[in-house]
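Please explain how this chain is built, beginning with its overall composition and then turning to selected residues and a pocket.

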Amino acid sequence: MIDPLYVASGFGVGLLVGMTGVGGGSLMTPLLILLFGIHPSTAVGTDLLYAAATKTGGSVVHGWSRSVHWPAVLRLACGSLPASALTLLVLWKLDLKSDSERGLVNLVLCFALLLTATSLIFRKAIMERYRRRLEQVDDRTTAIATVITGIVLGVLVSISSVGAGAVGVTVLLLLYPRLPMSSIVGSDIAHAVPLTLVAGIGHWALGDVDWALMGVLLMGSLPGIIVGSYSATRVPETVLRLTLASVLFVVAGKIMFAELNLSSAFVTALAWGH
């Protein structure tokens with residue numbers, strides 16, 4: 001029996017991704033944890049493969065319309081793919097028990113959500129302040145900075161499934177100020193495909209993927225992305241960004257509050273045990 005709420009959630013997230021290019025992991029993972037009560041590591045693993053599937057379509061479209069800057073994609077991947085593999089290896093070696101794993105994922109997820117929301121709100125101010133200065137930077141420095149960005153995104157995305165969207169776009173805008181916005185978004189999506197695929201396969205190997213759930217989410221999200229892409233030009237971009245950022249701040253707050261409650265309950269239980 002297919003739960004219509006999962007399909008509706010997939011459609012809603014797909015709609016936002018189509019309209020803003022952001023919001024896949026940053027909305028889907030918290031939604032699965034908070035609304036459906038799915039274990040954070042399963043939510044992350046499922047969302048990563050779901051993102052790889054949805055973003056493949058987007059990268060094909062951008063590649064077809066030649067709005068992908070491949071040197072930037074390759075540099076990001078040189079940093080993110082090894083970092084992702086190493087992060088997953090560390091998670092496997094640590095063999096974190098259920099509660100500690102939940103805590104780690106939620107902590108990194110909160111950080112990634114706040115980083116995403118901040119980059120959505122302050123992107124324009126950051127651009128105005130640093131873009132002129134970064135235009136003077138030589139190619140070698142830009143290449144090194146892009147690889148380092150890839151490493152950070154690889155770690156963030158592998159643990160929380162969040163970060164490749166808004167954070168990636170903001171950094172690419174700073175590092176490649178002469179590229180048009182369509183190429184920045186196209187490059188970010190093209191890089192997200194191998195990263196989410198590698199991280200998703202890693203989580204699958206760790207047993208953190210719910211395939212049935214992923215199928216149901218895709219049923220909703222693929223039509224949502226098509227409708228969202230069509231509607232993108234009809235909604236003011238600033239309104240979209242601020243709305244999405246507000247939602248992310250609220251979600252991060254809810255996860256943090258739930259985590260603090262769990263921690264205090266655990267400490268109280270320990271105290272009573274003694």
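The paragraphs below pass from the whole chain to individual positions and end with a pocket.

The model is predicted. Its chain contains ten helices and zero strands, so that the order of elements from the N terminus reads α-α-α-α-α-α-α-α-α-α. Of the 274 residues in the chain, 49% are buried. Among contacts with a sequence separation of 6 or more, 86% link residues that stand 24 or more positions apart. The accessible surface of the chain amounts to about 13,600 Å², and carbon and sulfur atoms contribute 71% of that surface.

Helix H1 offers a starting point at the N-terminal side. This helix spans residues 4-20 and includes Ser9. Is Ser9 buried or exposed? Its relative accessible area is 10%, under the 20% limit, and therefore Ser9 counts as buried. Apart from neighbours within four places in sequence, Ser9 is in contact with Met28, Leu31, Leu35 and Phe36.

A second view of the N-terminal region comes from Gly220, a residue of helix H9, which covers residues 211-231. Gly220 counts as buried because its relative accessibility is 2%. Which residues does Gly220 touch, once those up to four places away in sequence are set aside? They are Val7, Gly10 and Phe11. Val7 and Gly10 have numbers that fall within the 4-20 range of helix H1. The C-alpha atom of Gly220 is also 9.6 Å from that of Leu5, although 215 residues separate the two along the chain.

Helix H6, residues 139-160, holds Ser158. Here the relative accessibility is 0%, and Ser158 is therefore buried. Two polar features of its side chain can be described. The side chain of Ser158 forms a polar contact of 2.7 Å with the side chain of Ser84. In addition, a polar atom of the Ser158 side chain lies 2.6 Å from the backbone oxygen of Gly154. Beyond residues up to four places away in sequence, Ser158 touches Val44, Leu48, Ser84, Thr87, Leu88, Ala199 and His203. Ser84 thus appears both as a residue touched by Ser158 and as its partner in the polar contact between side chains.

Helix H7, residues 166-175, contains Val171, and Val169 is placed in helix H7 as well. How does burial apply to each of these valines? Val169 has a relative accessible area of 4% and is therefore buried, whereas Val171, with a relative accessible area of 23%, is partly exposed. Val169 touches Arg123, Met181, Ile184 and Asp188, with residues up to four places away in sequence not counted. Between Val169 and Asp188, which are 19 residues apart along the chain, the C-alpha separation is 6.1 Å. Arg123, touched by Val169, also lies 9.4 Å from Val171, C-alpha to C-alpha, at a distance of 48 residues in sequence.

The final subject is open space in the structure. Rolling a probe the size of a water molecule over the atoms shows where empty space remains. The second largest pocket has a volume of about 210 Å³. Its lining consists of 13 residues, and those nearest the centre are Asp139, Thr142, Leu175, Tyr176 and Arg178. What is the character of the lining of the second largest pocket, in terms of nonpolar, polar and charged residues? Six of the residues are nonpolar, two are polar and five are charged.

Definitions and conventions. Residues numbered from 1 in each chain as written. Predicted model: local features only at pLDDT ≥ 70, side-chain atom pairs only at ≥ 80, totals over all residues. Heavy atoms only, no water. Helix = DSSP H or I, 4+ residues; strand = E, 2+ residues; numbered from the N terminus. Buried < 20%, exposed > 50% of the residue type's maximum accessible area, 1.4 Å probe, protein only. Contact = heavy atoms within 4.5 Å. Areas by Shrake-Rupley, 256 points an atom, 1.4 Å probe, with all protein chains shown as cover. 1 Å grid on protein atoms, 1.4 Å probe; cavity = no way out; pocket = protein on both sides within 12 Å on 5 of 7 lines; lining within 4 Å. Points joined across faces, edges and corners; volume = space filled by probe spheres on them. Nonpolar A, V, L, I, M, F, W, Y, C, P; charged D, E, K, R; others polar. Polar contact = N/O pair within 3.5 Å; in protein donor to acceptor, adjacent residues only side chain to side chain.
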